[in-house]
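Colleague: Please take me slowly through one part of this model, beginning with a single loop and then moving outward to whatever else in the backbone or the packing deserves a careful look. I would like the reasoning spelled out wherever there is some.

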Amino acid sequence: MADEYFTEDHEYIRVEGDTGIVGITNHAQDQLGDVVFVEVPEVGRTVAKGDAAAVVESVKAASDIYAPVAGEVTEVNGEIEANPAMVNEDAEGAAWFFKLKIADKADLSALMDRKAYDAFVAENT
Amino acid sequence: MRYLPLQAADREAMLAAIGVAGIDDLFIDVPADKLLAEPPELPLGKSEMEVERELGRLVAQNVSASSVPFFVGCGAYKHHVPATVDHLIQRSEFLTSYTPYQPEISQGTLQVLFEFQTQVARLTGMDVANASMYDGSTAAGEAVLMAHRLTKRSKAVLSGGLHPHYVAVIETLSRHGGATVDAIPADPGESEDLAAHIDDETSCVVVQYPGVFGDIRDLAPIAEAAHAKGALLVVAVTEIVALGALRSPGEMGADIVTAEGQSIGNGLNFGGPYVGLFATRQKFVRQMPGRLCGETVDADGKRGFVLTLSTREQHIRRDKATSNICTNSGLCALAFTIHLSLLGEAGLRRLAEVNHANAVTLAGMLEKVRGVELLTDAFFNEFTVRLDANAENTVDALAKRGVLAGVPMSRLLPARRDLRDLLVIASTEVNTDGDRTAFVEALEEIL
Amino acid sequence: MSMNTEGRPTRPTAAVGETPFETFTGNRGLDHEEPLLFERHANAETTGVDLPKAKTVKPRLGGLERDEPIRLPGLTEPETMRHYVRLSRKNYAIDSGLYPLGSCTMKHNPRLNERMARLPGFGDVHPLQPQSTVQGALAVMQSLSGYLLELTGMASVALSPKAGAHGELCGMLAIKAAIEARGESRSVVLVPESAHGTNPATAAFMGYGVRSIRARDNGTVAPEAVRDALDDDVAAIMLTNPNTCGLFEPDVVAIADVVHEAGAYFYCDGANFNAIVGKVRPGDLGVDAMHINLHKTFSTPHGGGGPGSGPVVLSDALARFAPVPYVLRDGQRFRIVEDEVAAEEQGNAPLGRLTAFHGQMGMFVRALTYMLSHGCDGMRQASEDAVLAANYVRAGLRDLFTQPFGDRPCMHEVLFDDAFLKGTGVSTLDFAKAMIDEGYHPMTMYFPLVVHGAMLIEPTESETRDSLDLFIATLRHLAEEAKAGNTALFEGAPRLAPLRRLDETRAARQPRLVYTTPEDPREAAE
């Protein structure tokens, strides 16, 4: 059973063992509007927590996606590069951006769980 | 005042509606000691007649290209622009409209830009082109920056045949952007070995086609040499009409082609406004600077055009933009498109043929003058001669005899004593037999 | 009487309220459908330019003749006129209506400007002709410089930048050069959150880190906020004044002082200069560099997106770093200094060269014509009228629209946010599209970013009171419709423009940037 964590910048990280699957939340895709382009990082890249790791673009906005925790990029999602609309359709499922080998799982404790994230979104809308 | 519709009664009524006593009540945030009590010390407004008279005095001191035998080139060229072009660009809806950010009421501008992009891509032999840049030199500068982004390297190699102003622009951008430039010194002979300068740190090689001395060279071997080291070939074209006769840079392996489009649709205008052309391969589209116009449909399914891929640009990416550019050269691009539509392929090829033939004829006549040596073997409409005299003094002497004979290389490279006897001469379709004869006879008198 | 039997009806007899119908051509009266150049019936020989026969010569093209077809369609002159005239009619323009685009200054483009720019002695001279043959052109550049310096109270002006953003680059490069000349290196630039995107883009291009400054609740920048953000690593602040919210920065002098005390420079974005020409001089406020948009403040035409011209005025501290080329007076004559070595011999330290040749001479002539026509009195009156018109619009809308910083005097543009639309289901975008059907180009929308659903309206000095009254009444009508819940009006807008709303998502997801046909190999590659 995977654990889900969320950042205040609307990224999620779904943890399976030592791997974290990173994407943007459903709320984020809704705010962005139609996604037209995504940029995923290079496999093998090392990222620190908070590094700009990927980019998601709608027609009128471009947003950086930050690494929720430090780690090494092990896999990237080619499907969303070919079909950016997927991010709008299934942001928290099939439209993940990249997978990370998590450097230190203790970093996850600084993130929100689903309940806290939902409350955060409600407060800030 | 003829441009200000509000009358005194209007102003009074408006101030009352706003609820203030006087206009300076609206300038309330300006520190009192900084608000000027009087208008600036400049002349009062003038009638149209008076303005025409005043500017007429200044304009009379200039010698226009049409009034004398004219052979000046080096990056800007005197061509005949058909009357239709100037008439159409003065239509209100083209002249006084803004950037097409509201596409429903800007399809005129947008469709023209789409046609322009297509024309530029086909002319240069590339996949895509943008909606124009300020001019050829800044386009070349932006191409170098794009090559740095694409290759993640920061050294540009510049051919010695690149226009010295273009070299200076690229050097200025590089100096302050933290990149380096290897600018090969200009050499009218064809002894430059570009491949030797390309290494694993090179992001791009920039070659002008034809070169600043007018020479034409095959770019395919240079493309190969660049690609072998993971670098890109950027080709800068200063005389776009040349592509009506010469193989396109795209065909020869260029990765980015930039050009000065002034020769088509736009007059000399003492240096501006001009129009930069920028074209590249499909795979590089997202790193291309400048505006882009794309095809789409409207809510009723009708075909239309919009500005697109805007997320590269400053108003969205802000500090991560591909460049800080905001404007394109809209009206000049329109003039280019209209003129090129009038020419069509057949007209452009014919125009290029006439240009080349005129240049070849002139070169043949000048070669026979004692003290003149033709240095350029293959050329389009511009070539370089070595004189038995200082070229700048010769040009001044010819000007006194009513001939504007070309550009002395010392004008562009004043520090190069070894180039002081070189004169670059352009010859376009506007030159007549009379022009050529006048040039030759005047030159014979001087040398 | 003799009977003339050629009479025919002279009053409409068709029933009023007929539903619109589809025409055979797709045309709608005077609004014509016009295909792309490349979609017309192709004949490779068609051309609208007659040329003399080329002389017979032995070609000297080095064997690099173009043998592949270029595939550029040609049109005769009548076809060309019709194609482009029909396209032009699909555009809104200043000449057709009020263009309330905030920060763009869509004022009337005087036609005398066009006549002057086209005089052969201005339009038909080459930048590299011997200088003795272009003294009049150099005189125009000197004259324009003189006007700009007097209007801004600054020491020197760089004329060569080709547009506003290019001017920003010039000004910031001069600042960088000045700091380096002191033997220092600084890596941060302060930029208010409300700034135009070109500001941080320019700073970032030069390798500066951007430190954002928040505005106060009243929409302006506090000197304390600037002081807090300053340290000895800050090279400059980039401040727009009047700012992008249409307000004059009341503490601009204090901000300039605090910036200078820290050894940094004040770059002013001059996009909104139209509010203060002849009323305030940026040089008196402590500005070190300011770009001027000749295509905004000085009426050179927008041309559907360009060309612009962005000369930069510089303070004493920065004057010697101006780029080449520049024009000098040499006794009775004018001289243009084109290379860095010659500039250095005069004691200058040019930052380099920003463009080939000398700058946008065509725009210099137009702007100078404007300045000569208006004079000092006319230019001052124009600024006052611009500010008056914007405040008149504010007064006419303030009870229905919401102003993010409260109802207070604005400069030449008035800023509203979308709070007044809350709960109506109508967005700023929808509102703007409904304006199109009413015959108006929408105002600037969603800029500045610091305000939600921003609507920035700049009427300029070129409107009559009747025109402003109708504009105000129309916006009031639309606001009332929105508040009354008539969302259908807005959702379907525009209905009467040549096209309805366009699918920008599709344009970005499936970019088609050039015309391709089924036979085109490039199409297969996509």
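Modeller: In chain C, the loop between strand 6 (289-291) and strand 7 (312-314) contains P307(C), and since this is a predicted model, what follows describes computed geometry. The peptide bond that joins G306(C) to P307(C) is cis, with omega at about -5°. As background, most peptide bonds are trans, and most residues other than glycine have a negative phi. Chain B offers another cis bond to set beside that one: Y209(B) and P210(B) are joined by a cis peptide bond whose omega is about -10°, and P210(B) likewise sits in a loop, the one between strand 4 (202-208) and helix 8 (220-228) of chain B.

The sign of phi deserves attention too. In chain C, F357(C) is not a glycine, yet its phi is positive, at about 60°; this phenylalanine belongs to the loop between helix 10 (340-345) and helix 11 (361-397) of chain C. Is F357(C) buried or exposed? A residue counts as buried if 20 or more other C-beta atoms lie within 10 Å of its own, and F357(C), with 29 other C-beta atoms within 10 Å, is therefore buried. In chain A, H10(A) also has a positive phi without being a glycine, in this case about 70°, and H10(A) is placed in the loop between strand 1 (3-6) and strand 2 (11-16) of chain A. With 22 other C-beta atoms within 10 Å, H10(A) is buried as well. Where chain A meets chain C, the contact draws six residues from chain A and four residues from chain C, and the side of chain A that touches chain C is made up of five nonpolar residues, no polar ones and one charged one.

Chain B can be described more broadly. Its secondary structure amounts to 13 helices and 13 strands, and its C-alpha trace spans about 80 × 55 × 50 Å along the principal axes. Of its 447 residues, 63% count as buried, and when contacts between residues at least 6 apart in the sequence of chain B are considered, 72% of them join residues at least 24 apart.

Within chain B, helix 5 (residues 107-124) has 18 residues, which at 1.5 Å a residue should span 26 Å, and because its end C-alpha atoms are 25 Å apart, the two values agree. Since 18 of its 18 residues are buried, helix 5 of chain B is largely enclosed by the rest of the structure. After helix 5 of chain B comes G125(B), with a positive phi near 75°.

A helix pair in chain B completes the picture. Helix 11 (residues 391-400) and helix 13 (residues 433-446) of chain B pack with their axes 10 Å apart and at an angle of about 120°, which means that helix 11 of chain B is oblique to helix 13 of chain B. The crossing of helix 11 of chain B past helix 13 of chain B is right-handed. On helix 11 of chain B the contact involves T394(B), A397(B) and L398(B), while helix 13 of chain B contributes A442(B), L443(B) and I446(B). Sorted by class, this contact between helix 11 and helix 13 of chain B holds five nonpolar residues, one polar residue and no charged residues. In general, an α-helix has 3.6 residues a turn, so residues three or four places apart point the same way.

Note on methods:
Residues numbered from 1 in each chain as written. Chains lettered and ligands numbered in written order. Predicted model: local features only at pLDDT ≥ 70, side-chain atom pairs only at ≥ 80, totals over all residues. Axes fitted to C-alpha atoms, helices over the stretch in contact; angles between N-to-C directions. Helix = DSSP H or I, 4+ residues; strand = E, 2+ residues; numbered from the N terminus. Parallel < 35°, antiparallel > 145°, perpendicular 65-115°, else oblique. Left-handed = near helix turned anticlockwise from the far one by under 90°. Contact = placed C-beta atoms within 7 Å. Nonpolar A, V, L, I, M, F, W, Y, C, P; charged D, E, K, R; others polar. Expected span 1.5 Å × (residues − 1). Buried ≥ 20, exposed ≤ 12 C-beta atoms within 10 Å, placed from the backbone.
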